[in-house]
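Here is a set of exercises with worked solutions. Keep the structure in view and take the steps in order.

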Amino acid sequence: LTTASAEMNLRVTIVLLALTGLAASASFPPPFYRELYLTAPTQSGNDVVILQHLLKRDQASTPLSGRFDHDTSVAVQVFQARQKLPQNGRVDVATAAKVLAVLSDDGYHDDGATAASLGYLYKVLVHVHHNRSIESNATLFNATGAPLFQFVVRAHGHNANAPSVWPDFNNTDPGLNQFSSDGNTPTGLIEFDLNSPEDDPKSFGPYPVNRAVLGIRGNAAFLIPNIRNGILLHTGEWPGWSAPASMPNSAGCIHAWPPMIEKVWHMLVGLGVEVRPNTDGKLPYPYKPQGLLSVELVD
């Protein structure tokens, strides 16, 4: 081979190897993107944190170290044995998919506690379905638990099986799982606060938004805000949309009709809730949250 031919073959080989690597990583179900296994130094990252929290539902002894250590490898092996998978202690594609299929549901159910009993001024209860293309209802409660207002919401994140564009009106996809960036709104109990409008009214509407600040229970407890941040209750100026048509999907936020978000804002102010200056998702959140968001799976 000439030098030029050899260089060309080398370039082709590199490209093929890169494409093979991309295909391998793409085969992992998000939020997993690589094989997790015991190595030195130990692997760490959001995927390890999520894995450990999910495995803890299978085995209470699973550590929450944030590192794929020996005990985590053992927990993976036990899980694999129970699911009749090869017991190698490695989170490969099959194991990652089975973890998500078996352990994603947090079992969270709203206990009916009032906002005041937990030190807050209001509470928003949102019912969601496994298939997030099914829109559901949210209810605003005052501090003592009196229901004030019920409205339609959509808690569907990016699509699980196709690229998302704005505004995405895909109504056939269950949504990307809640552990993934831009996935479905996480379930659980979350501190909530009223912020001034976002800078982009086209995407977020012209009204104040409610921001998910800190997860307390359920999946939200380990996802918000360190893994999932910037989740809002808001509306938008969606081209071609009008009620009661299905709303577009989000990047993990909860969508509601424009007049509903406007009404929620006025009702909250009437309860004594302050409109805090918008933080644009900066952490740590600088204010004491005034409300609660409870996202409960109903099927």
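Helices, of at least four residues, and strands, of at least two, are DSSP runs numbered from the N terminus. The model is predicted.

**Exercise 1. Describe the second largest pocket: its volume, its lining and the elements that supply it.**

Step 1. Start with the volume. The second largest pocket has about 340 Å³.

Step 2. Turn to the lining. It is made of 23 residues, and those closest to the pocket's centre are Asp 182, Ser 250, Ala 251, Gly 252 and Cys 253.

Step 3. Look for elements. Helix H5 (201-204) and strand S6 (232-234) each contribute at least two residues to the lining of this second largest pocket.

Step 4. Sort by class. The lining of the second largest pocket holds 12 polar, eight nonpolar and three charged residues.

**Exercise 2. Do the same for the largest pocket.**

Step 1. The volume of the largest pocket is about 460 Å³.

Step 2. Its lining has 27 residues; nearest the centre lie Ser 104, Asp 105, His 130, Asn 177 and Gln 178.

Step 3. Helix H4 (93-103) and strand S8 (291-297) each supply at least two lining residues of the largest pocket. H4 gives the most, with four residues.

Step 4. By class, the lining of the largest pocket splits into 11 nonpolar, 11 polar and five charged residues.

**Exercise 3. Which residue has a positive phi of about 70° although it is not a glycine? Place it and judge its exposure.**

Step 1. The residue is Asp 182. Exercise 1 listed Asp 182 among the residues closest to the centre of the second largest pocket.

Step 2. Asp 182 sits in the loop between S3 and S4.

Step 3. Buried means under 20% relative accessible area, and exposed means over 50%. Asp 182 has 29%, so it is partly exposed.

Step 4. Look at another case. Asp 280 has a positive phi near 55° and is not a glycine either. Asp 280 belongs to the loop between H7 and S8.

**Exercise 4. Locate two cis peptide bonds that precede a proline.**

Step 1. The bond from Trp 166 to Pro 167 is cis, with omega near -15°. Pro 167 is in the loop between strand S3 (147-154) and strand S4 (188-195).

Step 2. The bond from Leu 283 to Pro 284 is cis, with omega near 0°. Pro 284 is in the loop between helix H7 (258-270) and S8.

**Exercise 5. How many salt bridges does a search of the whole structure find? Work through three of them.**

Step 1. The count is nine salt bridges.

Step 2. Take Arg 34 and Asp 47. Their side chains meet at 2.7 Å, N to O. The pair links distant parts of the chain, 13 residues apart: Arg 34 is in the loop between helix H1 (3-26) and helix H2 (46-55), and Asp 47 is in H2. Arg 34 is partly exposed at 21% relative accessibility, whereas Asp 47 is buried at 2%.

Step 3. Take Arg 90 and Glu 35. Their salt bridge has an N to O distance of 2.4 Å. Arg 90 lies in the loop between helix H3 (70-82) and H4, and Glu 35 in the loop between H1 and H2, so the pair ties together parts that are 55 residues apart in sequence. Arg 90 is partly exposed at 32%. Glu 35 is partly exposed at 29%.

Step 4. Take Arg 211 and Glu 198. The closest N and O atoms of this salt bridge are 3.1 Å apart. Arg 211 is in strand S5 (residues 209-217) and Glu 198 is in the loop between S4 and H5, so parts 13 residues apart in sequence are tied together. Arg 211 is buried at 4% relative accessible area. Glu 198 is buried at 15%.

Step 5. Look for shared partners. Asp 193, Glu 274 and Arg 276 are joined into one network by such salt bridges.

**Exercise 6. Find charges that lie over aromatic rings, then the ring cluster.**

Step 1. Return to Arg 90. Arg 90 lies over the face of Tyr 37, at 4.2 Å from the ring centre.

Step 2. Lys 288 lies over the face of Tyr 120, at 5.1 Å from the ring centre.

Step 3. Now pair the rings themselves. For rings whose centres lie within 6.5 Å, the count comes to six aromatic pairs. Ring pairs link Trp 238, Trp 241 and Trp 257 into a cluster.

Methods:
Residues numbered from 1 in each chain as written. Predicted model: local features only at pLDDT ≥ 70, side-chain atom pairs only at ≥ 80, totals over all residues. Heavy atoms only, no water. Phe/Tyr/Trp six-rings, centres within 6.5 Å; stacked < 30°, edge-to-face > 60°. Lys NZ or Arg CZ within 6 Å of the ring centre and 35° of its normal. 1 Å grid on protein atoms, 1.4 Å probe; cavity = no way out; pocket = protein on both sides within 12 Å on 5 of 7 lines; lining within 4 Å. Points joined across faces, edges and corners; volume = space filled by probe spheres on them. Nonpolar A, V, L, I, M, F, W, Y, C, P; charged D, E, K, R; others polar. Buried < 20%, exposed > 50% of the residue type's maximum accessible area, 1.4 Å probe, protein only. Salt bridge = Lys/Arg side-chain N within 4 Å of Asp/Glu carboxyl O.
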